[in-house]
Amino acid sequence: MTIRNICIYGAGALGGTFAAKIASRLGEEVNVSAVARGAHLAAIRDKGLTVVRQGEETPLNARLSATSDPSELPKQDLVITGLKGHQLADAAEGLASLLKDGTRVMMILNGIPWWYFHRDHESGHAERQLPELDPEGKLWQLVGPERVIGCVAYQGGEVIEPGTVRLSGDGRFFLGEPSGELSRDLVSIADLLGRTGLNVIPTQRIRDAIWLKLMGNAAYNPISALTRGRMNSIMENRLLAEQVGKVMAETKAVGEALGAVFGSGVEEELNRSAGFGPVRTSMLQDLIAGKPLEIVPLTGMVVALGKLKGVPTPTCETVLTLATQLDRENLRDR
């Protein structure tokens, strides 16, 4: 795979991190562009993208081409999406405008992705589409699941002001083909991103990585939004921590019913989470900013896929109901 043109579609916290690192480290080798909007776009055009990382004195700053209209850009070799699962369907036409024969689309997503069942050999539901995530089938038709490289990101980040991203901790990024193949494209993309300093890990079981991270996301994101609690305060509250454990257990049961293999259990994940500091989840960040919440790809899909496989998810259903109403009221208030 020859990679000369790379577009980051949705240059928020994680997308912006990829854009800045690629542009600063490989800017002489590849043409890097970003699709953004509003004040964030204006700041990127004016002063570039800045990434501030805890423990590093000198921020990373990169200049790159940025636009709100992807049709202004040339066809790309690689598109990296930083949009959330509930934002992607509305971007299908814009993404399609960047594609040519052979273009791959690496999607950094939390939760269940719209392409989940493409070439899935484990669940018994291969090629099943998910209208909850792709209501009109535009992503499946215009982008195509065959182009996708899945990406599961372990990297805390937040846009602290237009044009500036703050990262917490050391990031890890698992990349995988839906088919499970270690394809030439996957290896090429992983090698290129690795040269930027990103900790990229190719995997033959990307769905396992999706479900393991979803154990936490399905619990912490909506519970943090409902309580406005940061990670440490949630885990310090025994009753909240018990609810987190229940959501994790239900999520794990649904994932296992679909063939996922978990590298750790609920207690291990809870113990790991207990060490987190005062981190605001992405859903809490969106709630405060008055943005629509990423409920459906996370807890919503645990409930939906639980029904598909006959796995009870009572705690997830309660959290989903409450978080959905919170989202409605928060948007109405704006």
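Lys and Arg count here as positive and Asp and Glu as negative, while His and the chain ends are left uncounted. The place of each charge is taken as NZ of Lys, CZ of Arg, CG of Asp or CD of Glu. On that basis the chain carries 36 positive and 39 negative side chains, and the centres of the two sets sit 2 Å apart. The structure is a predicted model, in which local features need pLDDT of at least 70 and side-chain atom pairs count only at pLDDT 80 or more, while totals for chains, interfaces and linings use all residues. Residues are numbered from 1 along each chain as its sequence is written, and side-chain values use heavy atoms, with hydrogens and water left out.

First, the overall picture. The chain holds twelve helices and ten strands; helices (H or I, at least four residues) and strands (E, at least two) are DSSP runs, numbered from the N terminus. Its C-alpha trace spans about 50 × 45 × 35 Å along the principal axes. The radius of gyration is taken over C-alpha atoms, and the globule rule is 2.2 Å times the number of residues to the power 0.38. For 334 residues, a compact globule would come out near 20 Å, and the chain, at 19 Å, agrees with that.

What share of the residues is tucked away? Buried residues make up 56% of the 334 in the chain, where buried means under 20% relative accessible area, exposed means over 50%, and partly exposed is in between (1.4 Å probe, protein chains only). About 14,300 Å² of the chain is exposed, and carbon and sulfur atoms supply 48% of that area. Accessible areas come from the Shrake-Rupley method with a 1.4 Å probe, and for residues only the protein chains shown count as cover. Contacts (heavy atoms within 4.5 Å) often link distant parts of the sequence: of those between residues at least 6 apart, 74% join residues at least 24 apart.

Now for some single residues, starting with N5 in strand β1 (residues 5-9). N5 counts as buried because its relative accessible area is 18%. Setting aside residues up to four places away in sequence, N5 touches N31, K75, Q76, D77 and L78. With one of these, N31, there is also a side-chain to side-chain polar contact of 3.0 Å. A polar contact is a pair of N or O atoms within 3.5 Å; within protein, one must be able to donate a hydrogen and the other to accept it, and residues adjacent in sequence count only if both atoms are side-chain atoms.

T196 offers another buried case, in the loop between α5 and β10 (200-202). Its relative accessible area is 0%, so T196 is buried. A polar atom of the T196 side chain lies 2.6 Å from the backbone oxygen of L193. Beyond its neighbours within four places in sequence, T196 is in contact with K21, I22, R25 and L26.

S179 sits in the loop between β9 (164-176) and α5 (184-194). With a relative accessible area of 13%, S179 is buried too. The side chains of S179 and E181 are joined by a polar contact of 2.7 Å. Not counting residues up to four places away in sequence, S179 touches R119 and H121.

That leads to R119, in the loop between β7 (104-108) and α4 (138-143). R119 is partly exposed, since its relative accessibility is 39%. Most residues other than glycine have a negative phi. What is the phi of R119? It is near 55 degrees, a positive value in a residue other than glycine. R228 also has a positive phi, of about 60 degrees, without being a glycine. R228 lies in the loop between α6 (206-227) and α7 (231-236), and at 53% relative accessibility R228 counts as exposed.

P131 is likewise placed in the loop between β7 and α4. P131 is exposed, with a relative accessible area of 52%. From P131 to W114 is 17 residues in sequence and 8.2 Å in space, C-alpha to C-alpha.

Finally, there is helix α10 (residues 282-289), where M283, L284, Q285, D286 and L287 are buried. After α10 comes G290, with a positive phi near 75 degrees. G277 is found in the loop between α9 (266-273) and α10. At a relative accessible area of 27%, G277 is partly exposed. Leaving aside neighbours within four places in sequence, G277 is in contact with M231 and N232.
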